[in-house]
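Here are some notes to read alongside the model, written for someone meeting a structure like this early on. Please keep the 3D view open and find each residue as it comes up.

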Amino acid sequence: DFRADFEKDLHLLGLAGLLDPPRPESAPAVALCHRAGITVHMATGDHPATATAISKLVGILPADSDISHPISAEEVSIPVAQLVMHAREFDAKTDEEIDALVELPRVLARCSPDTKVKLVKALHRRNRRVAM
């Protein structure tokens, strides 16, 4: 095995980390959208943990709390964890299953272009206007 020949007798010399923070204008733009009554969704290719952290930094998701969402005459509280979904899970759902969700995911992680189109179509079925 070619790989086994090279991956032996190795010593860890160090680790490197990379930070790719959101643009400085992202959080104010999201806040402006919220003040205008616009719900912001994020569809990204990032890992779910990265996507969640970034969405909290820019204000798409609140930090470690629930989101209250009015449903007809009652108010429903939705845990933030339910508002983050892996694209694999979203893509596996039928349109009917997606339409039955109380709230569409605010954050979709590991998205392909097809997943983004599916999200936009789901928003349209809820009579939402969409801008990207």
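The points below go from the whole chain to its sheet, its cores, its charged pairs and two backbone details.

1. **What you are looking at.** Please keep in mind that this is a predicted model. The chain has 132 residues, and 27% of them count as buried. About 9400 Å² of the chain is exposed, with carbon and sulfur atoms supplying 56% of that area.

2. **The order of the elements.** Six helices and five strands make up the secondary structure. If you walk along the sequence, they follow the pattern α-α-β-α-β-β-β-α-α-β-α. Try tracing that pattern on screen before going further. Among contacts with a separation of 6 or more, 54% are between residues 24 or more positions apart.

3. **The sheet.** In which order do the three strands of the open sheet lie? The order is E1-E5-E4, and the pairing is parallel. Strand E1 (42-43) and strand E4 (84-86) are the edge strands, each pairing on one side only. E4 and E5 run parallel and are joined by three bridges. Within this part of the sheet, Val 84 stands opposite Val 107 of E5. As background, strands of a sheet pair through backbone hydrogen bonds, either parallel or antiparallel.

4. **A helix against the sheet.** Helix H3 packs on the sheet and touches E1, E4 and E5. The direction of H3 makes about 150° with that of E5.

5. **The largest nonpolar core.** This core has 14 residues. Those with the most contacts inside it are Val 30, Met 42, Ala 51, Ile 60, Leu 61 and Val 107. Helix H3 (48-58) and strand E5 (107-109) each supply at least two residues of the core. The largest share, three residues, comes from H3. So the helix that packs on the sheet is also a contributor to this core. 

6. **Val 107 as a meeting point.** Which residues does Val 107 touch, leaving aside those up to four places away in sequence? Its partners are Met 42, Ala 51, Ser 55, Ile 60, Leu 61, Leu 83, Val 84 and Met 85. A good exercise is to select Val 107 and find each of these partners in turn.

7. **A second core.** There is also a separate core of 10 residues. Met 85, Leu 104, Cys 111 and Leu 123 are among its members.

8. **A buried threonine.** Thr 115 sits in helix H6 (residues 113-125). Is Thr 115 buried or exposed? Thr 115 counts as buried because its relative accessible area is 0%, where the cut-off for buried is under 20%. Not counting residues up to four places away in sequence, Thr 115 touches Ala 87, Phe 90, Asp 91 and Leu 108.

9. **Salt bridges with some exposure.** How many salt bridges does a search of the whole structure find? The search finds five. In general, side chains of opposite charge can pair when their charged atoms come close. One of the bridges links Glu 7 and Arg 3, with the closest N and O atoms 2.8 Å apart. Glu 7 is partly exposed at 47% relative accessibility, while Arg 3 is exposed at 56%. Another joins Arg 23 to Glu 25, at 3.9 Å from N to O. Arg 23 is exposed at 60% relative accessibility, and Glu 25 is partly exposed at 46%.

10. **A buried pair and a network.** Arg 106 forms a salt bridge with Glu 103, and their closest N and O atoms are 3.0 Å apart. Both Arg 106 and Glu 103 are buried. Asp 95, Asp 99 and Arg 125 are linked in a network of salt bridges.

11. **Two backbone angles to check.** Most residues other than glycine have a negative phi. Asp 9 is not a glycine, yet it has a positive phi of about 55°. Asp 9 lies in the loop between helix H1 (2-6) and helix H2 (26-35), and it counts as exposed because its relative accessibility is 71%. Asn 127 is not a glycine either, and its phi is positive at about 60°. Asn 127 belongs to the segment after H6 and is exposed, with 72% relative accessibility.

Conventions: Residues are numbered from 1 along each chain as its sequence is written. This is a predicted model: local features need pLDDT of at least 70, side-chain atom pairs count only at pLDDT 80 or more; totals for chains, interfaces and linings use all residues. Side-chain values use heavy atoms; hydrogens and water are left out. A nonpolar core is a set of buried Ala, Val, Leu, Ile, Met, Phe, Trp, Tyr and Cys residues joined through side-chain atoms within 4.5 Å. Buried means under 20% relative accessible area, exposed over 50%, partly exposed in between (1.4 Å probe, protein chains only). Helices (H or I, at least four residues) and strands (E, at least two) are DSSP runs, numbered from the N terminus. Contact means heavy atoms within 4.5 Å. Accessible areas come from the Shrake-Rupley method with a 1.4 Å probe; for residues, only the protein chains shown count as cover. A salt bridge is a side-chain nitrogen of Lys or Arg within 4 Å of a carboxyl oxygen of Asp or Glu. Two strands pair if DSSP finds at least two bridges between them. Axes are lines fitted to C-alpha atoms, for helices over the stretch in contact, and angles run from 0 to 180 degrees between N-to-C directions.
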